[in-house]
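Visitor: I am new to this structure and would like to understand the reasons behind the words used for it. Could you take me through them slowly?

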Amino acid sequence: MPAILLRSGDAYFMLDCGEGTQYSMQELGLRYVNKRLCIMVSHMHGDHVLGIPGFLLSLSLSGRTREVRLIGPRGLRGFLRTALEYMRAELTFELEFQEVRDGAEFSACGATVRAALGRHTAPNYAYRIEFRRPGKFHPERARALNVPAGPLWKELQEGRPVKVGGRMVMPEEVMDPLEVRTSIAYSGDTRPARRLIELFRGVDLLIHEATFSERDRERAVENLHSTAREAARVAARAGAKHLVLTHFSNRYRDLEPLLEEARRVFRETYLAKEGRTFVLTPEGLLLRDEPLDERI
């Protein structure tokens, strides 16, 4: 079931959350219980949302106290409230809901997120997530403003103002402007669309559904999904640097033909697989087939 986890520093972003997600998270051994967490839902089809109640309950049983932010289309709040009420579940943390709209731009867990409506049988939102790193910190500027070294420096480096000697010292007084580091986009379930190509323009990594092979293109058109070749064409037209294909129909026992189909159009294509990890570095996209060491 669809569930993609992004990590940047101490923040986690879950893109959709199909059944069994909590078990996969446990197997990966990720120490995420009290980290910043945003769950971003593309659309309300069962294979994309039915894992959320179980995942939230697992977090609660593990002792989470930090709020979880849930971002998605209309209906997400009602679905989860109803599910948790019928299970008589009392979470140990708060839920913060945000209803997404076409063209929306907002901040989430330290990243900038943009959303666009795709073409599917239910309202489906694609997301572009841009992770920024803070600009260079200048200790001499902090000292000149009488900010003592220690916790207050860390507050400023994390983008928060501090009070010293009766005045507020702003982060921009001691740091260079923020720099864009990495951009990652996620299609959800969709047919190719011009507005999505614009959303994906120049991303470092595009995660795009490839439910069907080109030989089953008629089914893709009928069910408003994409083929592997179409996903590759979207990546090429958007000028993406790397493409990861996901959301494959279970009719395909062997996924290599889908990979080959896409690579004939866009060479930097890879397959998503259960537990597979990708690491974006300045040198490119690194593929790992074992859980990612949390120290990296």
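The conversation below turns to cysteines and then to a pocket.

Guide: Please keep in mind throughout that this is a predicted model.

Visitor: What makes C38 and C109 a disulfide?

Guide: A disulfide is a pair of cysteine sulfur atoms within 2.5 Å, and the sulfur atoms of C38 and C109 lie 2.3 Å from each other, so the pair meets that limit. The structure holds one disulfide. This pair links distant parts of the chain, since C38 belongs to strand 3 (residues 36-40), while C109, 71 residues apart from C38, sits in the loop between strand 6 (105-108) and strand 7.

Visitor: Why is the disulfide of C38 and C109 called right-handed?

Guide: The torsion about its S-S bond is about 100 degrees, and the disulfide is therefore right-handed.

Visitor: How do you know that C17 has no such bond to C38?

Guide: The closest cysteine sulfur to that of C17 is in C38, and because the two are 14 Å apart, they are too far for a bond.

Visitor: Why does C17 count as buried?

Guide: Buried means under 20% relative accessible area, and C17 has 0% relative accessibility, so C17 counts as buried. C38 and C109 are buried as well.

Visitor: What lines the second largest pocket?

Guide: This pocket, with a volume of about 750 Å³, is lined by 28 residues, and G110, R132, P134, E158 and L178 lie nearest its centre. By class, the lining has nine nonpolar, eight polar and 11 charged residues.

Visitor: Which strand gives the most to that lining?

Guide: Strand 8 does, with four residues; strand 7 (111-117) and strand 8 (125-133) each supply at least two.

Technical notes
Residues numbered from 1 in each chain as written. Predicted model: local features only at pLDDT ≥ 70, side-chain atom pairs only at ≥ 80, totals over all residues. Heavy atoms only, no water. 1 Å grid on protein atoms, 1.4 Å probe; cavity = no way out; pocket = protein on both sides within 12 Å on 5 of 7 lines; lining within 4 Å. Points joined across faces, edges and corners; volume = space filled by probe spheres on them. Nonpolar A, V, L, I, M, F, W, Y, C, P; charged D, E, K, R; others polar. Buried < 20%, exposed > 50% of the residue type's maximum accessible area, 1.4 Å probe, protein only.
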